Every structure is written in C-alpha cells, then in structure tokens.
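Me: Please take me through one part of this model in detail. I work at the bench, so I would like each term explained as it comes up.

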Amino acid sequence: MWSWAIVIGLRKKSDFTEVTLAGFLSSVIDVDHFFLAGSLSLKAALTLPRRPILHCSTVIPVMALTLKLIMHLFRLKDSWCFLPWMLFISWTSHHVRDGIRHGLWICPFGKTAPLPYWLAFMDPANGRSDNPGEEAVKIHSGILQASQ
Ligand SMILES: [Zn+2]
C-alpha cells in the first residue's frame, strides 16, 4: 500500500483510491493460505505444510504480464494502465516482507535463504513483522545484548 503511495506520490484525491487498491492487492495474497488449508481457521491457515501458490515469487511477473496482455487484448482504458505495475509492486512488497522470515520461493527452482532484515526498511510499508510483539522482543533483546 505505502509502496504504491511512494511510487505515485499522493498528489490528488484519486491517488488515495489507488493506494487503497494497492493495499487490497498486497493483502489479498494471503487468502491463498485459507484456500490451501481448506478452512477459514486462522490456525489452519498459519500451519500449512507448504507455502500456498500466490507466495511463489515467480507468479508475480507472470500475473503482471498476463494482466498487461489482457488489458491490451481487451483494449481496456488507458486510465487503468497502472494496474499491472501496481500488482507487481504490491505483491513484491508482500513477498519481500514474507521473505525476511521464510526466504523467497522461486518455483520451480526452490527457495532462497531468508532475506536480510534491512531489506524490509527499503520499503516503509515492510518495516513491520507479522508479529510486532515478537519483533519488539527481538529488537529489545538485541539492544540488551549490544549494551552488555
Ligand atoms: Zn503472505
């Protein structure tokens, strides 16, 4: 969401609609957890044996290019030409955030090591974890260790 805000610069009122759409796109990826779990249970969605398909980073350029092709074929309005880029940036931002903990899953080639934590700060929207309390403990522990 904020990644897109940085890209477009939030100059006019309609930009907030775009940012909201970007936030939706960035969040909607996690719906695949529930599809893979076959349940609406949060516990089931978070304890999957494998990562769900929208968390495969290879899907991002494929989906963005497919969307661009569909928009070209159906001659959709030029005012929506930003949509493939928005999808690309929103999903990449989500993958980077997830990748801090789990690495990137680049199917069918495998997965990378967890991404360096500083990468989260390249995007202000990613400067948080899935569990802020846990992160606060880690950061606090780091401060304590550094001061000892
Ligand atoms: Zn995710």
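Reply:
**R75, α6 and their surroundings**

R75 counts as exposed, because 7 other C-beta atoms lie within 10 Å of its own. The cut-offs are these: 20 or more other C-beta atoms within 10 Å make a residue buried, 12 or fewer make it exposed, anything in between is partly exposed, and the C-beta atoms are placed from the backbone. Please keep in mind that this is a predicted model, in which local features need pLDDT of at least 70 and side-chain atom pairs count only at pLDDT 80 or more, while totals for chains, interfaces and linings use all residues. Residues are numbered from 1 along each chain as its sequence is written.

R75 sits in the loop between α5 and α6. Although R75 is not a glycine, its phi is positive, at about 50°, and this comes just after α5. The names of helices and strands follow DSSP runs numbered from the N terminus: H or I for helices, with at least four residues, and E for strands, with at least two.

The two helices on either side of that loop are worth a look. α5 covers residues 59-73, and its 15 residues should span 21 Å at 1.5 Å a residue, which agrees with the 20 Å between its end C-alpha atoms. The expected span is 1.5 Å times one less than the number of residues in the helix. For α6, 20 residues should give 28 Å, and the end C-alpha atoms are 27 Å apart, so the two values agree.

How do α5 and α6 pack, and at what angle? Their axes are 9 Å apart and the angle is about 165°. Axes here are lines fitted to C-alpha atoms, for helices over the stretch in contact, and angles run from 0 to 180 degrees between N-to-C directions. The angle makes α5 roughly antiparallel to α6; under 35 degrees counts as roughly parallel, over 145 as roughly antiparallel, 65 to 115 as roughly perpendicular, and the rest as oblique. The crossing of α5 and α6 is right-handed, meaning that the near helix is turned clockwise from the far one by less than a right angle, whereas anticlockwise would be left-handed. From α5, the contact uses I60, M63, A64, L67, K68 and M71, and from α6 it uses L83, P84, L87, F88, W91, T92 and H95. Two residues are in contact if their C-beta atoms, placed from the backbone, lie within 7 Å.

α6 also meets α2. Here the axes come within 8 Å and cross at roughly 50°, which makes α2 oblique to α6. This crossing, too, is right-handed. On the α2 side the contact is made by L21, A22, L25 and S26, and on the α6 side by M86, L87, S90, W91, S93 and H94.

Some of these residues return in the largest nonpolar core, whose 9 members are W4, V19, A22, L25, I60, M86, L87, I89 and W91. α2 (13-28) and α6 (83-102) each supply at least two residues of this core, and α6 gives the most, with 4. A nonpolar core is a set of buried Ala, Val, Leu, Ile, Met, Phe, Trp, Tyr and Cys residues joined through C-beta atoms within 7 Å. In soluble globular proteins, nonpolar side chains tend to be buried together. I89, one of the core members, is in contact with S3, W4 and V7 once its neighbours within four places in sequence are left aside.

The buried residues of α6 are not limited to core members: among them are P84, S90, H94, R97 and D98. R97 counts as buried because 20 C-beta neighbours lie inside 10 Å. The C-alpha atoms of R97 and L119 are 8.4 Å apart, with their positions 22 residues apart in sequence. Past the end of α6 comes G103, with a positive phi near 80°.

To place this in the whole chain, there are 7 helices and 2 strands, in the order α-α-α-α-α-α-β-β-α from the N terminus on. Buried residues account for 18% of the 148 in the chain.
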